[in-house]
Number of protein chains: 2
Amino acid sequence: MGHGGGHLRSVAVTIDHDGALPVYKQLANLLRGQIERGELRPNRPIPAESRLMQIHEVGRDTVRKAIAILREEGLVIAIQGRGTFVKPKDEAE
Amino acid sequence: MGHGGGHLRSVAVTIDHDGALPVYKQLANLLRGQIERGELRPNRPIPAESRLMQIHEVGRDTVRKAIAILREEGLVIAIQGRGTFVKPKDEAE
DNA sequence: AAGGATTTGTGCGTATGTATA
DNA sequence: CTATACATACGCACAAATCCT
């Protein structure tokens, strides 16, 4: 289950500014993929907003909207002054 | 109870999306009433744009257009990074 | 204890795109 | 074509919490 197919599928690793999907949704999908593949590990911080802005060349508003999606999905938790951390799978809401 | 019954109150407290007046003008009227009745007090901030969006279920552009009217009327002053504040009555332009 | 750097939280300023009446 | 309304996107500024020196 999860996001579907277990076989190879092309997961976007770059942001398409002219794509059909809004940039913040693309970024959310990108980060979700990194979490699901373990590239961003549980209880570890994801890159800071300023880093994500640099890496993907987007504004802070876009970064925060993307992270907001992951927060609503319960995938990450943001802590003021510390960072945004990947939740372990068994984390209760 | 709820919204104050059906008294002869000419001041709208809700937004009518199908009303004759544009939503942003309705919202401006609503906020102006709250200021004049002292529900929004001088030198105090009015609810943030994001709050007004949630409360009245309108978009940001609509909120900003409403506030723009109050600014032109000299009722409030918006300060970037801080908020939008009710001007005291004796405030000079 | 004090100060600075980092990071998230909040809020306004502005511009553009899309849809509708 | 214009006015209204919402969504997206970037920028700037300040507050609050945390961390480090």
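Select DNA strand D and its atoms within 4 Å of the protein: 69% of these belong to sugar or phosphate, and the rest to bases. This is a predicted model, in which local features need pLDDT of at least 70 and side-chain atom pairs count only at pLDDT 80 or more, while totals for chains, interfaces and linings use all residues. Residues are numbered from 1 along each chain as its sequence is written, chains are lettered from A and ligands numbered from 1 in the order in which they are written, and side-chain values use heavy atoms, with hydrogens and water left out.

**Stop 1: around DNA strand D**

Show the protein residues near strand D, where near means that a heavy atom of the residue lies within 4 Å of the strand. There are 23 residues around DNA strand D, and the closest are V23(A), T62(A), V23(B), T62(B) and Q80(B). By class this surface has 8 nonpolar, 9 polar and 6 charged residues. In this classification Ala, Val, Leu, Ile, Met, Phe, Trp, Tyr, Cys and Pro are nonpolar, Asp, Glu, Lys and Arg are charged, and the others, Gly among them, are polar.

Next, pick out the polar contacts (pairs of N or O atoms within 3.5 Å; within protein, one must be able to donate a hydrogen and the other to accept it, and residues adjacent in sequence count only if both atoms are side-chain atoms). A backbone N or O atom of V23(A) is 2.4 Å from a phosphate oxygen of DNA strand D. For Y24(A), a polar side-chain atom lies 2.7 Å from a phosphate oxygen of DNA strand D. R60(A) addresses a base instead: one of its polar side-chain atoms is 3.5 Å from a base nitrogen of DNA strand D. The elements that give two or more residues to this surface are α1 (23–36) and α3 (60–72) of chain A together with α1 (23–36) and α3 of chain B. Helices (H or I, at least four residues) and strands (E, at least two) are DSSP runs, numbered from the N terminus.

**Stop 2: around DNA strand C**

Move to DNA strand C. Which of the 26 residues around DNA strand C come nearest? They are E49(A), R60(A), E49(B), R60(B) and R64(B). Sugar and phosphate account for 63% of the strand C atoms that come within 4 Å of the protein. The residues of this surface divide into 6 nonpolar, 10 polar and 10 charged.

Three polar pairs can be displayed here. A polar side-chain atom of R64(A) is 3.2 Å from a phosphate oxygen of DNA strand C. A polar backbone atom of E49(B) lies 3.1 Å from a phosphate oxygen of DNA strand C. At R60(B), a polar side-chain atom is 3.1 Å from a base nitrogen of DNA strand C. In each of chains A and B, α2, α3, β1 (76–79) and β2 (83–86) each supply at least two residues of the surface near DNA strand C.

**Stop 3: α2 and α3 of chain A**

Hide the DNA and select α2 (residues 49–56) and α3 of chain A. Their axes come within 9 Å and cross at roughly 110°. Axes are lines fitted to C-alpha atoms, for helices over the stretch in contact, and angles run from 0 to 180 degrees between N-to-C directions. α2(A) and α3(A) are therefore roughly perpendicular to each other. Angles of 65 to 115 degrees count as roughly perpendicular, under 35 as roughly parallel, over 145 as roughly antiparallel and the rest as oblique.

The contact (heavy atoms within 4.5 Å) is made by E49(A), L52(A) and M53(A) of α2(A) and R60(A), V63(A), R64(A) and I67(A) of α3(A). These residues comprise 4 nonpolar, no polar and 3 charged.

**Stop 4: the helices of chain B**

In chain B, α2 (residues 49–56) and α3 (residues 60–72) pack at an angle of about 110°, with axes 9 Å apart. The contact involves E49(B), L52(B) and M53(B) of α2(B) with R60(B), V63(B), R64(B) and I67(B) of α3(B).

Finally, select α1(B) with α3(B). Their axes come within 8 Å and cross at roughly 50°, which makes α1(B) oblique to α3(B). On α1(B) the contact residues are V23(B), Y24(B), K25(B), L27(B), A28(B), L31(B), R32(B) and I35(B), and on α3(B) they are T62(B), V63(B), K65(B), A66(B), I69(B) and L70(B). By class they are 10 nonpolar, 1 polar and 3 charged.
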